[in-house]
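Me: I am new to this structure and would like a close look at one part of it. Please start with the whole chain, then go to a single helix and what surrounds it.

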Amino acid sequence: MNFYTTILGSGAALPTIARHCSGQVVNINGFRMLFDCGENTQTQVRVYHQKMQALATIFITHLHGDHFFGLPGLISSMHLCGRKDPIDVFAPKGIRQALETMIAVSGSHIDFEIRYHELTHTEGCETIFENLRCRVKAFPLLHSVPTYGYLIEEKPRGQNPARRYAYCSDTGYTESFLPYIQGVNLLCLESTFNHAFESVAIEKLHCTTKQAATLALKANAKQLILTHISARFKEPEKLLAEATPIFPNTQIAADGSQYEVHY
Ligand SMILES: [Zn+2]
Ligand SMILES: [Zn+2]
């Protein structure tokens with residue numbers, strides 16, 4: 001069974017030509033789910049052939065602009081392209097107000113149902129979505145607004161063990177969510193800063209390369225992808241050099257890269 005993620009945007013709050021704002025499409029045997037929808041995600045969906053109208057389930061980590069400002073545009077384009085199928089949007093509380101306001105003040109008419117699922121739990125790990133192929137769970141992260149990490153678990157056929165993929169962005173260093181993601185096959189963590197900016201990372205509730213690598217180590221993850229890279233870092237190999245002594249199986253995400261969730 002195919003299980004992989006396609007990174008649409010690997011940058012932090014300020015988009016650059018090299019790195020767009022957060023967004024990725026997780027594909028489990030043809031079922032595609034969008035995680036985060038920063039500005040310009042709809043264009044990235046097309047650039048990387050992710051079939052816009054096939055996206056029926058969207059998960060937003062938090063309501064900072066670099067994670068959801070692309071959503072009104074994506075939904076508008078889905079409508080303009082003739083969508084009739086409903087869409088499910090999972091996000092922290094506030095997403096309904098934000099989207100409905102954008103749709104109302106712009107005089108837009110959306111010809112399909114948007115089903116809002118606002119997340120409010122402040123502790124624990126809850127199953128929020130399930131179908132025949134997978135289960136998605138959400139757990140709180142440590143950030144300046146309510147933020148959720150997502151764990152995607154496949155439902156295997158036959159004797160194969162279930163692979164698990166966790167996406168955690170944005171978060172400051174905390175070990176609170178590690179019990180939920182122990183032993184994940186693939187972990188995608190934010191790493192906004194390098195080690196030299198550790199005090200800034202602590203203040204702004206983001207992670208450094210070393211902190212992210214430490215979290216991956218403590219989670220007993222099998223593989224790590226670092227994303228949400230600040231625009232100030234132009235040389236990803238230098239970030240990688242800080243992470244790999246702690247967690248060797250690390251890669252720096254790049255826009256357009258695909259990462260398979262290996263057994
Ligand atoms: Zn962010
Ligand atoms: Zn944020």
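What percentage of the 263 residues of the chain count as buried? And which part is worth a close look? Take helix 7, please.

Reply: First, a caution: this is a predicted model. Of the chain's 263 residues, 45% count as buried.

Now the overall frame. The chain has eight helices and 14 strands. Its C-alpha atoms fill a box of roughly 50 × 45 × 35 Å along the principal axes. The radius of gyration is 17 Å; a compact globule with 263 residues would have one near 18 Å, so the chain agrees with that expectation. Many contacts reach far along the sequence. Among those between residues at least 6 apart, 62% join residues at least 24 apart.

Now to helix 7. This helix spans residues 209–218. Seven of its 10 residues are buried, so the helix is largely enclosed by the rest of the structure. The buried residues are Thr209, Lys210, Gln211, Ala212, Ala213, Leu215 and Ala216. A residue is called buried here if 20 or more other C-beta atoms lie within 10 Å of its own.

What covers these residues? The cover includes three helices: helix 5 (178–181), helix 6 (198–204) and helix 8 (236–243). Strands also contribute, namely strand 11 (186–190), strand 12 (224–227) and strand 13 (250–252).

Those strands belong to an open sheet. Seven strands make up this sheet, in the order 7-8-9-10-11-12-13, and their pairing is mixed. Strand 7 (126–130) and strand 13 stand at the edges. Each has a single partner strand, so one side of each is left without a neighbour in the sheet. On average, neighbouring strands of this sheet are turned by 20 degrees against each other, direction ignored.

Look at the strand 7 edge for a moment. Strand 7 runs antiparallel to strand 8 (residues 134–140), and four bridges join the two. Glu130 stands opposite Arg135 in strand 8.

Back to the helix. Helix 7 lies across strand 11, strand 12 and strand 13. It runs at about 150 degrees to strand 11. Helix 8 packs on the sheet as well, touching strand 12 and strand 13. The direction of helix 8 makes about 155 degrees with that of strand 13.

One last detail sits just after helix 7. There, Asn220 takes a positive phi of about 55 degrees.

Key. Residues are numbered from 1 along each chain as its sequence is written. Chains are lettered from A and ligands numbered from 1 in the order in which they are written. This is a predicted model: local features need pLDDT of at least 70, side-chain atom pairs count only at pLDDT 80 or more; totals for chains, interfaces and linings use all residues. The radius of gyration is taken over C-alpha atoms; the globule rule is 2.2 Å times the number of residues to the power 0.38. A residue is buried if 20 or more other C-beta atoms lie within 10 Å of its own, exposed if 12 or fewer, and partly exposed in between; C-beta atoms are placed from the backbone. Two residues are in contact if their C-beta atoms, placed from the backbone, lie within 7 Å. Two strands pair if DSSP finds at least two bridges between them. Axes are lines fitted to C-alpha atoms, for helices over the stretch in contact, and angles run from 0 to 180 degrees between N-to-C directions.
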